[in-house]
2 protein chains.
Amino acid sequence: MTLSVGWVVSFKMKAMVMTGFGSPDVFELREIPKPQIKAGHVIIRVRASSVNPIDYKIRSGLLKNLAPENGVLGFDVSGIIEEVGDGVTRFKIGDEVFGCSGAITGNPGAMAEYQLVDERILALKPSSLSFEESSALPLVSITTWDALIRGAKINQNEKILVHGGAGGVGHLGVQIAKLFGGVVYSTVSSDQKAEIVAKYGAIPINYNSQNITEYVNEHTNGKGFDVIFDTVGGDVLTNSFEAAKLEGRVSSVNTRVKCDLSILHQKALSLHVVFMIIPILHDQNEGKLRHGEVLKEIAKKVDSGSISPLIHKQIYSFEKVSEAHKLLEEGNAVGKVILKGFD
Amino acid sequence: MTLSVGWVVSFKMKAMVMTGFGSPDVFELREIPKPQIKAGHVIIRVRASSVNPIDYKIRSGLLKNLAPENGVLGFDVSGIIEEVGDGVTRFKIGDEVFGCSGAITGNPGAMAEYQLVDERILALKPSSLSFEESSALPLVSITTWDALIRGAKINQNEKILVHGGAGGVGHLGVQIAKLFGGVVYSTVSSDQKAEIVAKYGAIPINYNSQNITEYVNEHTNGKGFDVIFDTVGGDVLTNSFEAAKLEGRVSSVNTRVKCDLSILHQKALSLHVVFMIIPILHDQNEGKLRHGEVLKEIAKKVDSGSISPLIHKQIYSFEKVSEAHKLLEEGNAVGKVILKGFD
């Protein structure tokens, strides 16, 4: 029998901690234990994160069951690798990376000085973008990839309708659809947003001035679009079925609705539902590797000038996360809302 | 100015005509005009047809809007080409063919002495099968092809669950899934049906003795099946979502239901809905050609011994169509119900 005696040295770090479920005000700056390295993982010195709807849905209690134990949110991360665990092969100390690490049970989020992240889901950040700009991309670009490339398998010259093309996921939807040869249309609610989607190469459709039948008639001669990307959910999902052509494909990021599926039968539609955090939530090797690969592709396309993130004009510090949540939740952001990491 | 004078010679033929919507007794043997040849079409001397659920759904009035104007039902056909129209290139007089011609607006069905059929949807019938046996295949095999090959895009070694594998569509589902390298499971309600699906190479699951969780645990270690083919609709569709793995694919032939789609989100599922008559209903060139191509493939696979139709023991003459409809509608058929053409 041997007796082990040792020192336990516990390092602390700053983090924005969700102290409960509720309003955007539940965040508090706290000192919490710095994560310890583990095999297959890296420790990132966090430089930026961004806010996604899933962040405020967890915070508000709508997706309570996903909440990380330590209350640290922030799905997207960009930063510098400070430490690598056993078996890490893809990255080395000093690498500048980005990824969607999740902020869920077992995977605390990015709103801290340091974050422990599985190397498989990371990629080197685009060299042409800052950390802040890079942190806008991971969740929305992987979501779009899942929706359009893996799910709908878009082809050259297909007519692709992106609902909400000026939004966080939507603006990636427009750009990736365009990049893969689609003829891209996008619904928007204002002239300002019409300008944004036009800048990314989509033909804007203002849904306040045209109904579904009208825009289907105008742009597809009444036949319907080949592919529809619903980046919103709810009524927009059922609108998507209406705007689809016979045997068309609809991809959606949110099908938490009860609806009549008869129209799917009448038109023989395919529906691809995206929930990009599944590989992280269920620790799937293949899915995690896929996320890393997609981000590698995205970084390439950013650096070659074919994709760029749309960033809301005001950048928030981690300490101001409550304001950032409020902005996005109330629908007042134009582009991704970025959170700048602790200095 | 010229004056055209001509004889109009009108030939008559026997047909089973639906005299109204309602019970299986609405059929009547009548003399109706023989169809006249037209470009791109052939006239088939009908030798057999088979009953599909869509036949009795039109007859009962459930799908009233699809009913053919002359009341002649019978979606599947096999027979001999008697006349070819201008521009017909694929077939010649005397060819023995099979196809799913539809029995809908503008496309009268097969339950007559002769039928006018678009050449694009036809193929030479399998030489190893009789006309009666061949007529069992078109609608169900194209449906299965759409569901598993075009829709779910099944891969080698995937675990594929076919609901109702002893049924009309189901028994093709089992065989085609097997043929493409799937590990096939099938739900059935009785020992007799378990034997049938086992004969076709599926592992039977009696849904009266095991619930979904139980069979998902037993056969997939709790993970769920890669692909599920719902050949039934209604509750079976929602059961399919439950039995699917994360990011799994569900193909269904009937989504005329209202249901909660949350589970599609939680699991990031894909849903492919099949309605095989769309190319006929909407006169789509590409879709019609696809139907002909699929049947060519099916005939090859039948002749090489890898697919065979399951035929209900009793064959009905066209005159006995009421009995045949009753049998299928009441769920008492085992295998496809065949209708033998007029002598």
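Trainee: In this predicted model, how do H6(B) and H7(B) stand to each other?
Mentor: Helix H6 of chain B covers residues 212-220 and helix H7 of chain B covers residues 235-243; they pack at an angle of about 40 degrees, with their axes 10 Å apart. Angles from 65 to 115 degrees count as roughly perpendicular and those under 35 as roughly parallel, so a value between these two ranges belongs to neither. H6(B) and H7(B) are therefore oblique.

Trainee: What is the hand of the crossing of H6(B) and H7(B)?
Mentor: The packing angle of about 40 degrees carries no sign here. The hand is given separately: H6(B) and H7(B) cross in a way that is right-handed.

Trainee: Which residues of H7(B) meet H6(B), and how many residues of the contact are nonpolar?
Mentor: From H6(B) come B:Ile212, B:Tyr215 and B:Val216, and they meet B:Asn239, B:Glu242 and B:Ala243 in H7(B). By class, the contact of H6(B) with H7(B) has one charged residue and one polar residue, and the number of nonpolar residues is four.

Trainee: At what angle do the axes of H6 and H7 cross in chain A?
Mentor: In chain A, helix H6 is residues 212-220 and helix H7 is residues 235-243. H6(A) and H7(A) are oblique to each other. Their axes come within 10 Å, and the crossing angle is roughly 40 degrees.

Trainee: Is the crossing of H6(A) and H7(A) left-handed or right-handed, and which residues of H7(A) make the contact?
Mentor: The crossing of H6(A) and H7(A) is right-handed. On the H6(A) side the contact is made by A:Ile212, A:Tyr215 and A:Val216. On the H7(A) side it is made by A:Asn239, A:Glu242 and A:Ala243.

Trainee: How does H1(A) stand to H11(A)?
Mentor: Helix H1 (residues 53-60) and helix H11 (residues 321-329) of chain A have axes that come within 10 Å and cross at roughly 105 degrees. The range 65 to 115 degrees is the one that applies. H1(A) is therefore, relative to H11(A), roughly perpendicular.

Trainee: Which residues of H11(A) meet H1(A), and how many residues of the contact are charged?
Mentor: A:Pro53, A:Asp55, A:Tyr56, A:Arg59 and A:Ser60 in H1(A) meet A:His325, A:Leu328 and A:Glu329 in H11(A). The residues of this contact divide into three nonpolar and two polar, and the charged ones number three.

Trainee: By what kind of axis are the two copies related?
Mentor: Chain B can be laid on chain A with an RMSD of 0.0 Å. The operation is a turn of 180 degrees with a shift of 0.0 Å along the axis. The copies are thus related as by a two-fold rotation axis.

Trainee: In chain B, which residue has the C-alpha nearest the axis?
Mentor: The turn that lays chain B on chain A is one of 180 degrees about that axis. In chain B, the nearest C-alpha lies 2.5 Å from the axis and belongs to B:Leu271.

Trainee: How much area do chain B and chain A bury between them?
Mentor: The contact takes 32 residues from chain B and 32 residues from chain A. B:Glu247, B:Leu261 and B:His265 supply 25% of the area that chain B buries against chain A, more than any other three residues. Of the area buried between the two chains, 55% is on carbon and sulfur atoms, and the total is about 2,700 Å².

Trainee: What is phi of A:Asp283?
Mentor: A:Asp283 is found in the loop between helix H9 (278-281) and helix H10 (285-303) of chain A. Its phi is positive, in a residue other than glycine, and is near 45 degrees.

Note on methods
Residues numbered from 1 in each chain as written. Chains lettered and ligands numbered in written order. Predicted model: local features only at pLDDT ≥ 70, side-chain atom pairs only at ≥ 80, totals over all residues. Heavy atoms only, no water. Axes fitted to C-alpha atoms, helices over the stretch in contact; angles between N-to-C directions. Helix = DSSP H or I, 4+ residues; strand = E, 2+ residues; numbered from the N terminus. Parallel < 35°, antiparallel > 145°, perpendicular 65-115°, else oblique. Left-handed = near helix turned anticlockwise from the far one by under 90°. Contact = heavy atoms within 4.5 Å. Least-squares fit on C-alpha atoms with pLDDT ≥ 70 in both. Buried area = accessible area lost by both parts, 1.4 Å probe. Nonpolar A, V, L, I, M, F, W, Y, C, P; charged D, E, K, R; others polar.
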